[in-house]
Amino acid sequence: MKKSILALVVLAVLAAIVFWFLTAPVRLDESVTAQMDAGDAARGEMVFWTGGCASCHAADGAKGDEKLKLGGGHRLPTPAGIFVAPNISPDPETGIGNWTGADFANAVMKGVSPNGSHFYPAFPYTSYTRMKPEDVADLWAFMKTLPPVSRANEANELALPFKLRRGLGLWKAMFMDSSPVVDLQTDDPAVLRGQYLVEGPGHCGECHTSRTFFGFGGSDRSRWLAGGPNPEGKGVIPNITPDPTALGSWSAADIAGYLKTGFTPEFDSVGGSMVDVQENMAHLKDDDLAAIAAYLKAIPPVPKQ
Amino acid sequence: MKKFVMTLVAASVVSGGIAFAASHGAMDPVKMRKDGMQTVGLAMGQVAGMAKGQVPFDPKGAVAAFKAMNYVSGTIGQFFPEGSDMAADTTAAPAIWEDMDGFNAALAKFQADTAAAIEMAPASPEDLGKALGMVGGNCKDCHEKYRVKKG
C-alpha cells in the first residue's frame, strides 16, 4: 500500500515535469531578434495596416488618426470568455514603452511575453508567426513613433481552465503551425505575395476559417477561408474561397476593389467587424491588394457546409 | 448612344424606386426595407460607374440616382417595427432596436448627405466622385453596427 502511494507520487511529479517542459515558452533565435532594431518606420506603417493592429488595440469606433492611439480596451468575445485588448502604445508605464525589439518580435511571432509567459491566441501570433522578420522589424520601428497612451490594462474575463496561461504551451504545441496553409503549386509572384499577406500579417484565416476542437483549436485547414458561424455571436463569417456559393463570381478586380472602397460588385457595402478591416486594407498599395485578390482566386474552393 | 444609356440609367433607378414604392402596399416590413436597400445599391452602382468612367457620365441620371437614395433614406425607417428583428430572412441587427435613436440618426445623416449631393448637381465625373465621397461612407457606417451577415 505504502509502495503504491509512493509510486503515484513519483508518477505525479514526473507528469508535472513533463507538463512543465511541454508547456515551456519557445523564443525566437537570436539571429532573428538581432535584426529588430534595424527597421524602417515608413515601411512599417504598411505592415501596421496589413496586420490590422488598430482593429483591436485602438479605441472602439476610432477613425482616422485615432487609430494610431493603441491604448487597448477592445473586448473580444470568444468561447473561452472575453479577452480585453491590452495597451500596446509606447507608454512606458501602461504600454510597451519599455520593451526591446526582441521582446516585440517574440510577442508577435511566438506569442511569448517579455517575462516569459504565453499570450492567448486571441492575439493572432498564430498567423504572425509566418511574417518575415524584416517586416516585424519595420513594424517595430513604426510602433515606436506612435503616440503614448496612458491607460491601464484590464483583466480578461475567462472561464477557470483558460486562466492558466502555462497550459497554452500545450495548445501551441498542438495547434500552432507556421507552415504555409495552402500548397499553391505556382511561381506567380502576385499569388505568392498574396499568400504571404493573407496567411501571415493579414491573418484573414483567424476569422474566416472555422476552428477545430469544438472551436477551441487552430484553423481547420480542410475548410480554409470557408467561413462559418460568427464566434462573436450573431450571423455568419462569410466564405471567401472561389466556390460558386462564395466569391466564385467575383473577379480579382472585384475583390481588390472591395478592399479599397468597401463596396461589393453589386454595390452592397462592407459591414460588421469587416468595416474596420477594410479601412485598414484601403491603406495598402494597389499591387498588394491585387496580390491578395490573386491568392483568393487561387486557393481551393470550399462549398458551403 | 448617350441617350440610350441615359434612358437605361433612369429606367433602372426608377424601376428600383417603383419596386420600393409598390412594396409599400404589401406591408411586409422585411421585404420593403430590403427593396429599399436594393434600390440604394442599384443607384450607387450607377453613380459609381459614372465616376469611374465605366458608364458615360450623365448629370441628370446622377441626380436621379441621388434622389432615389434620398427617398429611401427618408422612408425606410418606418419598416423596422418592434419584433421584426425575429424574421428568419432578415439581416437587420438587434442593435437597431437596442439603439433606435442611433439608427435614426444614421438614416438622417444619409438623408442629409444625399440631399447635399442633389443640391450640388455634379457637372463632371470629378465632381460626381466628390459627391460620392460624401454619400458613400454612410453605407458602411450604418452596416458596421446595424447589419449582421447571414450566409
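**View 1. Phe80(B) is a buried residue of chain B.** With a relative accessible area of 11%, Phe80(B) counts as buried, because buried here means under 20%. This is a predicted model, so keep that in mind for every view below. Phe80(B) sits in the loop between α3 (59-75) and α4 (95-98) of chain B. What does Phe80(B) touch, once its neighbours within four places in sequence are set aside? The list is Arg33(B), Ala92(B), Ile96(B), Trp97(B), Met100(B) and Phe103(B). Take Arg33(B) from that list: 47 residues separate Arg33(B) and Phe80(B) along the chain, yet their C-alpha atoms are 7.8 Å apart.

**View 2. The largest nonpolar core has 55 residues.** Here, Phe48(A), Met143(A), Leu225(A) and Tyr295(A) are the ones that touch the most other members. Plenty of helices of chain A chip in with at least two residues each, including α3 (41-51), α7 (133-143), α9 (189-199) and α13 (286-298). So where does this core lie? It lies between domain 1 (26-175) and domain 2 (189-298) of chain A, because both of them give residues to it. Zoom in on Met143(A): beyond its neighbours within four places in sequence, it is in contact with Phe48(A), Leu70(A), Ile88(A), Pro90(A) and Phe104(A). There's also a second, separate core of 36 residues, and among its members are Met32(B), Phe103(B), Val135(B) and Cys142(B).

**View 3. Here chain A meets chain B, with 18 residues from chain A and 16 residues from chain B in the contact.** The area buried between the two chains is about 1400 Å², and carbon and sulfur atoms give 60% of it. Which residues of chain A lose the most area to chain B? They are Val236(A), Phe263(A) and Phe267(A), which together make up 33% of what that side buries.

**View 4. Salt bridges and polar contacts cross the interface of chain A and chain B.** Three salt bridges turn up across the interface. One partnership to look for is Glu144(B) with Lys63(A), a salt bridge whose closest N and O atoms are 3.5 Å apart. You'll also find seven residue pairs in polar contact across the interface. On the chain A side, α12(A) gives the most to the surface touching chain B, with four residues.

**View 5. Asn280(A) is a buried residue in helix α12 of chain A.** Its relative accessible area is just 2%, so Asn280(A) is buried. Not counting residues up to four places away in sequence, Asn280(A) touches Trp49(A), Gly52(A), Ser55(A) and Lys67(A).

**View 6. Gly71(A) is a loop residue of chain A.** Look for Gly71(A) between α4 and β1 (75-78). Is Gly71(A) buried or exposed? Buried, with a relative accessible area of 4%. Skip the residues up to four places away in sequence, and Gly71(A) touches His57(A), Pro86(A), Asn87(A), Val149(A) and Arg151(A). Pro189(A) is another story: C-alpha to C-alpha, Gly71(A) and Pro189(A) are 37 Å apart in space, and 118 residues apart in sequence.

**View 7. Asp127(B) belongs to helix α6 (residues 125-146) of chain B.** Asp127(B) is partly exposed, with a relative accessible area of 26%. Leaving out neighbours within four places in sequence, Asp127(B) is in contact with Met120(B) and Pro122(B). The C-alpha atoms of Asp127(B) and Ala51(B) are separated by 8.4 Å, although these residues are 76 residues apart along the chain.

Note on methods
Residues numbered from 1 in each chain as written. Chains lettered and ligands numbered in written order. Predicted model: local features only at pLDDT ≥ 70, side-chain atom pairs only at ≥ 80, totals over all residues. Heavy atoms only, no water. Core = buried A, V, L, I, M, F, W, Y, C linked by side-chain atoms within 4.5 Å. Buried < 20%, exposed > 50% of the residue type's maximum accessible area, 1.4 Å probe, protein only. Domains from an automatic or database assignment. Contact = heavy atoms within 4.5 Å. Buried area = accessible area lost by both parts, 1.4 Å probe. Salt bridge = Lys/Arg side-chain N within 4 Å of Asp/Glu carboxyl O. Polar contact = N/O pair within 3.5 Å; in protein donor to acceptor, adjacent residues only side chain to side chain.
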